Amino acid sequence: MSFEAEFRDAMPHTIKVAPYSSQDKYGKPVYGADVSYTGKVEQRPRQVRTADGEERISTATVYLDATAAITPRDRVTLPTGFTPSQPLIL
């Protein structure tokens, strides 16, 4: 089996990402259509540094089989069984 095939076998989840588009007149975010990615979710606490340099505790790490540029303003939807289902992107 090739490395690529083994790598993809290690990505059992489908993660949806909706790109941030704008905000409505009340300041609520508006998102584009969900894009589905193959990936893996590891749900365990881990200390991370946000884009602003703040140290926070992450509840999950998401790995995607993609080169997409995902920003903290986007919306991620994790597969059924993961809590929260739409966590903040740190």
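**A tour from the aromatic pair to P72**

A search of the whole structure, which is a predicted model, finds one aromatic pair. Select Y20 and Y31: these residues form the pair, which is edge-to-face, with 6.3 Å from centre to centre and 80 degrees between the planes. Rings of Phe, Tyr and Trp (its six-membered ring) pair if their centres lie within 6.5 Å; planes under 30 degrees apart count as stacked, over 60 as edge-to-face and the rest as tilted. Y20 belongs to strand β2 (residues 20-23) and Y31 to strand β3 (residues 29-31), so the pair ties together parts eleven residues apart in sequence. Strands (E, at least two residues) are DSSP runs, numbered from the N terminus.

Next, colour by accessibility. Y20 is partly exposed, at a relative accessible area of 23%, and Y31 is partly exposed at 26% (buried is under 20%, exposed over 50%, partly exposed in between; 1.4 Å probe, protein chains only).

Now add R73, which lies over the face of Y20 at 4.0 Å from the ring centre (the criterion is CZ of Arg or NZ of Lys within 6 Å of the ring centre and within 35 degrees of the ring normal).

Move then to P72, in the loop between β7 (61-64) and β8 (75-77). P72 is partly exposed, with 47% relative accessibility. Beyond neighbours within four places in sequence, P72 contacts A51 and I89 (heavy atoms within 4.5 Å). The C-alpha atoms of P72 and A51 are 8.0 Å apart, with these positions 21 residues apart along the chain.

Residues are numbered from 1 along each chain as its sequence is written, and side-chain values use heavy atoms, without hydrogens and water. In this predicted model, local features need pLDDT of at least 70 and side-chain atom pairs count only at pLDDT 80 or more, whereas totals for chains, interfaces and linings use all residues.

Terms used
Helices (H or I, at least four residues) and strands (E, at least two) are DSSP runs, numbered from the N terminus.
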